[in-house]
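Student: Could you take a close look with me at one spot where two helices pack together? I'd like to go through it slowly, from the overall layout down to a single side chain.

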Amino acid sequence: MNSKIEHSKDTSAQGGDIVKYVLASLLVLAGLFVWFWFSADSGRAAQLGAWAGQLRALAVVVGLVGGIGVFMLTGKGRDIREFLSESRFELRKVVWPTRQEAIRMTWVVIVVVLILSLLLGGFDFFIQKLTQWFLSR
């Protein structure tokens with residue numbers, strides 16, 4: 001089997017990783033800070049000048065991309081990259097059904113759901129009538 005599962009022995013965050021986590025968080029927060037600080041609604045807009053919505057959105061996107069980029073350099077980021085590559089490898093081994101098989105299976109599911117819902121509805125109706133009859137005596 002072509003499985004390359006190896007768990008890392010050191011699961012604790014190292015000092016460099018913690019600095020990277022903080023830096024990634026600060027980048028994301030900086031993008032959000034720009035969004036709210038330079039909005040036209042804030043009182044600071046007259047002093048600092050309000051930025052256009054597109055420019056503020058760009059600052060948020062840059063902060064998110066930068067934060068994700070720094071996070072991917074950490075140990076957890078490496079684990080995520082490895083997981084995604086292994087997932088892509090496993091998806092290549094999947095045998096997907098043809099269109100006709102998928103349509104057939106969909107109809108089977110629809111018919112089974114209808115039959116079961118009618119059965120459960122019938123049981124519910126029968127138990128409801130039985131309970132009403134019992135309590136009315």
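Tutor: Here is a walk from the whole chain down to one helix pair and one residue in it.

Keep in mind that this is a predicted model. The chain averages a pLDDT of 86, and 82% of the residues score at least 70. Confidence isn't even along the way, though: helix 5 (residues 99-136) has the highest mean, at 97, while helix 2 (residues 45-48) has the lowest, at 56. Where pLDDT is low, the predicted coordinates should not be read in detail, so let's leave helix 2, with its mean of 56, alone.

Now the layout. You'll count 5 helices and 0 strands, so reading from the N terminus gives α-α-α-α-α. The chain has 137 residues, and 14% of them count as buried. Look at contacts between residues with a separation of 6 or more: 53% of those join residues 24 or more positions apart.

On to our pair, helix 1 (residues 15-37) and helix 3 (residues 53-71). Two packed helices are described by the angle between their axes and the distance between the axes. Here the axes come within 8 Å and cross at roughly 175 degrees. Anything over 145 degrees counts as roughly antiparallel, which means helix 1 is roughly antiparallel to helix 3.

Who does the touching? On the helix 1 side, the residues in contact include L23, A24, L27, V28, G31 and W35. Helix 3 answers with residues including R56, A57, V60, G63, L64, G67 and F71. Sorted by class, the contact has 14 nonpolar, 5 polar and 2 charged residues.

Let's zoom in on R56, which sits in helix 3. Is R56 buried or exposed? Its relative accessible area is 11%, and the cut-off for buried is under 20%, so R56 counts as buried. Follow its side chain and you'll find that it reaches the backbone oxygen of W35 at 2.8 Å. W35 belongs to helix 1 and is on the list of residues that meet helix 3, so this polar contact, within the 3.5 Å limit, links the two helices.

One last stop is Q14, in the segment before helix 1. Q14 has 48% relative accessibility, so it counts as partly exposed. Along the chain, Q14 and T74 are 60 residues apart, yet their C-alpha atoms are separated by 9.1 Å.

Key: Residues are numbered from 1 along each chain as its sequence is written. This is a predicted model: local features need pLDDT of at least 70, side-chain atom pairs count only at pLDDT 80 or more; totals for chains, interfaces and linings use all residues. Side-chain values use heavy atoms; hydrogens and water are left out. Axes are lines fitted to C-alpha atoms, for helices over the stretch in contact, and angles run from 0 to 180 degrees between N-to-C directions. Helices (H or I, at least four residues) and strands (E, at least two) are DSSP runs, numbered from the N terminus. Angles under 35 degrees count as roughly parallel, over 145 as roughly antiparallel, 65 to 115 as roughly perpendicular and the rest as oblique. Contact means heavy atoms within 4.5 Å. Ala, Val, Leu, Ile, Met, Phe, Trp, Tyr, Cys and Pro count as nonpolar, Asp, Glu, Lys and Arg as charged, and the others, Gly among them, as polar. pLDDT is the predictor's confidence in each residue, from 0 to 100. Buried means under 20% relative accessible area, exposed over 50%, partly exposed in between (1.4 Å probe, protein chains only). A polar contact is a pair of N or O atoms within 3.5 Å; within protein, one must be able to donate a hydrogen and the other to accept it, and residues adjacent in sequence count only if both atoms are side-chain atoms.
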